[in-house]
Amino acid sequence: MPANPIPVAIERNLPTSIEAERCVLGSILLDDSLFPQVAGRLQPVDFAIEKHRRIFLRMEDLHRRGVAIEDLTLVEELSRLDQLASCDGVAYIASLSEGMPRLSSIDDYVKIVKDKALLRQLIHTADNIVTRSIEGGQQIDEVLNEAESAILKVGDAQLRSELASPRQIVEGFAGGVEEFLDPGKRVAGLSTPFVKFDEMTTGLREGELIVIAARPSMGKTALALNIAWHVADDLPDKPGEPVAVFSLEMSKESLLTRLLCAIAKVDSHRFRGGYLGQDERSRLRLALDRLVASKLFIDDSADTNLMNISAKCRRLRAEHRRLGLIVVDYLQLMAPESGEKRRFDNRTQEISALSRGLKLLANSLKVPVIALSQLSRAPETRPGDHRPQLSDLRDSGSIEQDADVVGFIFREEVYKPDREDLRGVAELLVAKQRNGPTGRIKLAFLNKYVKFENLADDIGDLDEEVGGEESTPPF
């Protein structure tokens with residue numbers, strides 16, 4: 001290898017700042033206590049010059065072993081690995097700290113190096129997209145989703161959060177200190193149609209993963225649609241928020257039909273059979289007008305995975321400048337990303353990765369995510385009380401771990417169809433809430449409209465177990 005090879009980045013005229021890279025390395029040589037501060041934001045690959053990458057790696061080795069990072073120790077480490085010549089020898093190492101600007105500017109040097117690295121990464125990503133587009137061999141939707149996700153990942157690298165002091169957190173809080181100290185002035189979460197649920201949770205909060213689980217035919221899709229519609233509906237006193245619904249079980253036409261009948265309060269069976277009166281048709285027309293004007297968006301792609309959910313949601317947010325809610329129906333039907341399936345030994349690991357991915361998506365987009373989930377058969381075989389428990393979540397215990405809120409839908413009339421007093425009575429069991437109480441909320445279930453509503457008194461019975469994540473549900 002030549003003593004001073006032409007760096008590839010410079011040869012291709014890619015964004016670089018050799019002086020900023022030298023200043024970062026020189027600052028560490030002058031004060032090695034700066035290394036953790038630099039290493040927290042830069043990786044070896046962020047340096048455009050190969051010899052700078054090697055020098056930074058050797059600094060990392062010295063720091064890990066607790067050895068002072070100085071000219072002499074660095075030269076010795078490079079010599080030990082036969083890399084000194086490829087870094088232009090002792091003279092170059094010594095030159096890094098000569099005539100250094102102020103050490104207080106280290107953050108500025110690091111930012112320059114990181115910004116240039118992100119620009120190079122963006123260019124490399126664009127090159128890969130061009131190459132794959134020319135080569136072909138993939139479906140256009142797959143190419144578009146992967147291209148968008150790859151570009152967005154470059155942006156995400158710049159938005160990684162850092163440690164913050166209490167002062168920085170309070171000063172950065174919207175509304176300042178007064179609103180931080182007054183919960184009444186804080187921005188509430190997204191409201192749902194269910195009064196008691198909102199009282200218990202204070203609404204759906206950004207960054208939260210809310211899991212709603214139930215056995216088949218209990219109405220988990222109906223409940224999620226009720227919430228999605230409430231958020232997306234555009235009313236004079238409540239502007240609608242964009243809502244993305246990913247349906248892996250039902251077609252978008254079936255989902256829209258169910259929602260239409262629920263809004264219009266038209267018997268879904270009569271609608272499918274075509275036995276409609278004039279009044280019902282009129283209500284359906286008004287409901288459809290509201291649906292068309294709403295900010296509800298439905299995707300029924302059969303191969304939906306985390307990558308294209310993320311890409312489509314980011315695109316929707318960019319188009320509307322905000323995103324209110326994401327609904328995934330349902331978790332166990334999600335597909336692994338291309339090539340991911342080989343990484344997992346069993347279905348449990350695969351579902352664990354999906355639930356963790358949805359939680360990270362909620363955090364990344366700062367939006368609540370509702371994920372529907374199936375339950376095991378345990379509630380049906382349990383003698384006496386068939387109410388679900390956290391241990392009944394199907395395929396993975398990490399669903400419970402990743403979720404901020406876990407709610408179960410339970411309708412006792414399914415198990416006791418002869419009991420007239422149970423007709424139309426449903427329970428929403430909040431079995432886990434990371435930042436609040438758990439409890440049991442009674443709702444009305446209108447079977448012919450496939451719709452949940454508050455009870456007539458708008459309150460319902462509420463058995464509340466006050467406590468946070470560690471509290472035990474009262475059922």
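Select F410 to begin: at 2% relative accessibility, this residue counts as buried. Keep in mind as you click that you are looking at a predicted model. Now add Y415, which is partly exposed, with a relative accessible area of 23%.

**Aromatic pairs**

A search of the whole structure finds four aromatic pairs. Your next selection is F35 with F56, where the ring centres lie 5.4 Å apart and the planes meet at 35 degrees, so this pair is tilted. The two residues come from distant parts of the chain: F35 sits in helix 3 (residues 35-39) and F56 in helix 4 (residues 50-64), 21 residues apart. Both F35 and F56 are buried. Go back to F410 and Y415 for another arrangement: their centres are 6.0 Å apart and their planes are at 25 degrees, so the pair is stacked. Before leaving the rings, show F47 together with F35 and F56, as these three form one aromatic cluster.

**Charges over rings**

Next, select K51 and Y92. K51 lies over the face of Y92, at 3.8 Å from the ring centre. Then move to K220 and Y330; here the charged end of K220 sits over the ring of Y330, 5.5 Å from its centre.

**Salt bridges**

How many salt bridges are there to look for? The count comes to 31. Side chains of opposite charge can pair when their charged atoms come close.

Start with D392 and R382, whose side chains meet at 2.8 Å, N to O. Both lie in the loop between helix 18 (378-381) and helix 19 (398-402), ten residues apart. D392 counts as buried at 2% relative accessibility, and R382 also counts as buried, at 19%.

Stay in that loop and select R387, which forms a salt bridge with E427 (2.8 Å, N to O). R387 belongs to the loop between helix 18 and helix 19, while E427 is in strand 7 (residues 425-433), so the pair ties together parts that are 40 residues apart in sequence. Are these two partners buried or exposed? R387 is buried, with a relative accessible area of 14%, and E427 is buried at 8%.

Keep E427 selected and add R440: their side chains meet in a salt bridge too, at 4.0 Å, N to O. This contact runs from E427 in strand 7 to R440 in strand 8 (residues 438-446), 13 residues apart. R440 is buried, with a relative accessible area of 15%. For a group of linked charges, select R58, E60, D61 and R64, which are joined into one network by salt bridges that share partners.

**Helix 16**

Now select residues 306-320, which make up helix 16. At 1.5 Å a residue, its 15 residues should span 21 Å, and the end C-alpha atoms are 21 Å apart, which agrees. Colour its buried residues: L306, N308, I309, S310, A311, C313, R314 and L316. Step just past the helix to R321, which takes a positive phi of about 65 degrees.

**Cysteines**

While C313 is still highlighted, note that its relative accessibility is 0%, so C313 counts as buried. C261 is another stop, buried with a relative accessible area of 1%. How many disulfides does the structure hold? The number is zero.

Definitions and conventions: Residues are numbered from 1 along each chain as its sequence is written. This is a predicted model: local features need pLDDT of at least 70, side-chain atom pairs count only at pLDDT 80 or more; totals for chains, interfaces and linings use all residues. Side-chain values use heavy atoms; hydrogens and water are left out. Helices (H or I, at least four residues) and strands (E, at least two) are DSSP runs, numbered from the N terminus. The expected span of a helix is 1.5 Å times one less than its number of residues. Buried means under 20% relative accessible area, exposed over 50%, partly exposed in between (1.4 Å probe, protein chains only). A disulfide is a pair of cysteine sulfur atoms within 2.5 Å. Rings of Phe, Tyr and Trp (its six-membered ring) pair if their centres lie within 6.5 Å; planes under 30 degrees apart count as stacked, over 60 as edge-to-face and the rest as tilted. A charge sits over a ring if NZ of Lys or CZ of Arg is within 6 Å of the ring centre and within 35 degrees of the ring normal.
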